[in-house]
Amino acid sequence: MTSSDVSQGVAIIGLAGRFPGARDVAVFWENLCAGRECLSTFSDEQLLAAGVTPAEFSDSAYVRRRAVLDDAESFDAPFFGITHREAELMDPQHRVFLECCWHAFEDAGQDPKRCPNVGVFASSSLNTYVLRQVLGGQDGIGGFTKQFQTEGYNVLLGADKDYLATRVAFKLNLRGPALTIQTACSSSLVAVAQACASLQTFQCDAALAGGVSVSFPQERGYFYQEGAIASADGSCRAFDASAQGTVFGAGCGVVLLKRYEDARRDGNPVYAVIRSAALNNDGSGKMSFSAPSQDGQAEVIELAHALAGISADTISYVEAHGTGTPLGDPVEVAALTQAFRATSSRRKFCGLGSVKTNIGHLESAAGVTSLIKVALALRHRFLPATLHFKNPNPSIDFAGSPFEVVAAARAWTDVPLPRRAGVSSFGVGGTNAHLVVEEAPETEPAGEARPIQLLVLSAKSPAALDELRGNLARWLAGSSAVGSASGEPSLAGVAFTLQCGREAFTHRHAVVVRDTADAVRKLQEPSARSAAAGITAAEEPQVVFLFPGQGSQYAGMGRELYQSEAVFRAAVDRCAAIIRDRLGFGLVAKLFAGPESSQAQDSTSAFDDTRFTQPAIFAFEYALAILWQSWGIKPTVVIGHSIGEYVCAVLAGTFTLEDALALLAQRAELMRSLPSGSMLAVRLSGADAAPLLPPDTCVAAYNSDRLCTISGPAGSLQQLQARLEARRIACRPLATSHAFHSAAMDPIVQDFAAAATAVRRESPKLRWVSTCTGNWITAEEATDPAYWARQLRQPVRFADAFDKIAGDPGIAILEVGPGQALTQLARQHPRRPESQIVASSLQASGTGGELSSMLDALGRLWVGGVQPDWVAFNGPSRRHRVSLPGYPFARIRHWAEPRPSAATQEEARDSLAAAIGTGDAEPVGIGHDGAEIGRLEELIHAQLSAMRKQLLTLAGR
């Protein structure tokens, strides 16, 4: 790798962790920037509860300090499909690590289900939980060892380090290498190095790497011993003259890694790039097994520089192992100086620090925690202070070294670019790790995005969904740059991340938003009109497309979609070219004329001409269907109302697009030659309306058991309308030019049958319910010219057709056309299941924005369980994934109580026998008074309660 090339590096795309005083990485960074020491000092009561005796914590050498991890006993077991008992037996380190792995994916905007070739490289500390809580003493340990690998296997699976990485791979369905790596204090940075190697040899395409260390009881101190590793006063004073040791703590850190080029391609956030990772071991060339080795450390640092192809002059910060021990710090700085002197003679140009001064030594999680600090420092171009540094350790030659301790927080500026850092971690036993990390290159600009966005959120419970929605609203409200051109996350990036980077759970919420303020408002008010919420179906519903006929069209319909959606525009243009050749007019000019243009009036009046109206409605509905299908919403059943059936025929492959438009053009021309007529929508069933009709009118459409359409001469329908309104029967004239589906069509039936004979017809390849017959169409009908002739003359039997699918709870219904006429019919059907999703592509008569309506419908389909193709929906333009708030785990306490020893159990049995027998209970006669009977009842209740407790004790609960 050349000094300026990071294309072969490994990108850190996701960070997650829980640290002392920090529930997540964001709070961890806040604490570092604020210079907080996040250690706890324990009270007498806390120490007593942990089993520390007064004699011990009163000793002057006892230090009651440690860094603890809050809520380590709690876990969201159901989220991962883990039972309460399984969680109780599981090492809390495994539980914390599993949750952090999930959050690392979320931070990267990466759904693990869509990136299955992921490796897991993990480390943890000794499982003290199983010794203290699960086995609970010598008898429990003895029983476990007797049953080891047989009856005690369930305990083993939850307890052993071996299953840390493989459990994550199993629960998240990850298919790459899953390795638990143990090299003492350097374990987690070694895990990162191994993950990098696995990525660079293409054994996996992404990798989780990190470590966890939580030991129990947490609220405990230690005895200070001079010369040992633990601090005399409970603070870590790395590199300082007063340094006397470190303080241990609990925490967990995980990074998600990808090859840089893959991360750039996928739009993942990149915190920093790992240019190189080097490992070695001291061997025996040191004072003792646990002692550090200057040569071993220097060699691994030099190797990392060589692998990165850089000079030490270009490194401006090193996050050291930095334990603050009198021996370790001088050796480490000497080793760093030795390594840097191989390529640089400069002095005091490189900052030096240690996160252990803030949170203590996290043992197996220490190295990855250092890496997370450096990644955040590179992103924010800011170096937090190394605490407690006042006077340099006299055994360290800082004056002659390249280093100066970052004693006060400062901006990371005025250094060679790109900014680079080293990260060191050294383990007892001599395994050394060093990484060279570089700031990420500038993000390439995102592509053009829609002016309106669809935000989709989901969770495994209503409470979690509410919390997730609130967290996102607060995050958006606090991210003033969202939607700006500053290179910060855009609202389009937020939407893309939620769509493509999060797993979709059962409880869902979708909201259409125009800008950040709109998003915050609607997320905080989930009942907003442009929101959909609900519980998704267990299986993905099949989608039914409903194509309306004439009556709902409006001037300018499709204009906004034509301007914003390339797929829709291409489909309309294709239809327009065919129509221009067949009919000689420009569809686009008439259909999408602007409201101020001279063609706007022409567009409105054009819909009075059936020669234009029928091809225009067809083109619009066809283009809508193509747009929906490009988003991954594909029908398994289609139903078309009148001319809407021609769109069904094209989608089913019965007609080609060219032949369908040619046939429609002839149909419209023939109809145009007929006398004008009218149609009236009436709020009655066809059967109820028939006796009220004038002789020259008829029922043209049976739409539902409460709605029909009457067709006939205009004068007759005007008289009918007056009579119906006098009887308070709702009715409404439709925007049509002729009396379709009536006897008025008889003169053209034969001519149209001849026209239908002239076009090619194929058997349908899509299930299709005919509104001419009210039944499933057959291949013979679909390819018969006489069917299409009857289709223009006979009444539309939409009610019968829709009845064929209405009661099916496994479908989602989508109206594909202008308005919501068929949507309303579907929603009002008496057999429609309450859970069935019914959506319309557009609002009636263009009352709402077309794109907003489409996105709202898409959101409603997704809430109902339909899975769009989100990548196709977002189009070919570059999209950036955004680090959004993670899943709000519903953690509850899963904690095993120690099983009593055999002696304690024997005492319990004796106590139970005494309570039941004559030892404690005074005999009570049947003839005693009410007070004595009450006393007897109390005694029986007490004895039963005692028996239950003892039996539970004997059962190990």
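1. Two strands pair if DSSP finds at least two bridges between them. Keep that in mind for this predicted model. In strand 23, P635 is the bridge partner of V543.

2. That bridge belongs to a strand pair. Strand 22 covers residues 542-547, and strand 23 covers residues 635-640. The two pair in the parallel sense, over five bridges. F547 also has its bridge partner in strand 23, namely G640.

3. Which strand is joined to strand 22 by five bridges and holds the bridge partner of F545? Strand 29 is joined to strand 22 by five bridges, and the two run parallel. Within strand 29, L814 is the bridge partner of F545.

4. Now the whole sheet. It is open, has five strands and follows the order 28-23-22-29-30, with parallel pairing. Strand 28 (767-769) and strand 30 (837-840) are the edge strands, each pairing on one side only. From one strand to the next, the twist averages 20°. In general, strands of a sheet pair through backbone hydrogen bonds, parallel or antiparallel.

5. Helices pack on this sheet. Helix 23 (residues 610-630) touches strand 22, strand 23 and strand 29 (811-815). The direction of helix 23 makes about 165° with that of strand 22. Helix 33 (residues 850-863) also packs on the sheet, touching strand 29 and strand 30. The direction of helix 33 makes about 170° with that of strand 30.

6. Is strand 22 largely enclosed or largely open? Buried means under 20% relative accessible area. Five of the six residues of strand 22 are buried, so this strand is largely enclosed by the rest of the structure.

Terms used. Residues are numbered from 1 along each chain as its sequence is written. This is a predicted model: local features need pLDDT of at least 70, side-chain atom pairs count only at pLDDT 80 or more; totals for chains, interfaces and linings use all residues. Side-chain values use heavy atoms; hydrogens and water are left out. Helices (H or I, at least four residues) and strands (E, at least two) are DSSP runs, numbered from the N terminus. Axes are lines fitted to C-alpha atoms, for helices over the stretch in contact, and angles run from 0 to 180 degrees between N-to-C directions. Contact means heavy atoms within 4.5 Å. Buried means under 20% relative accessible area, exposed over 50%, partly exposed in between (1.4 Å probe, protein chains only).
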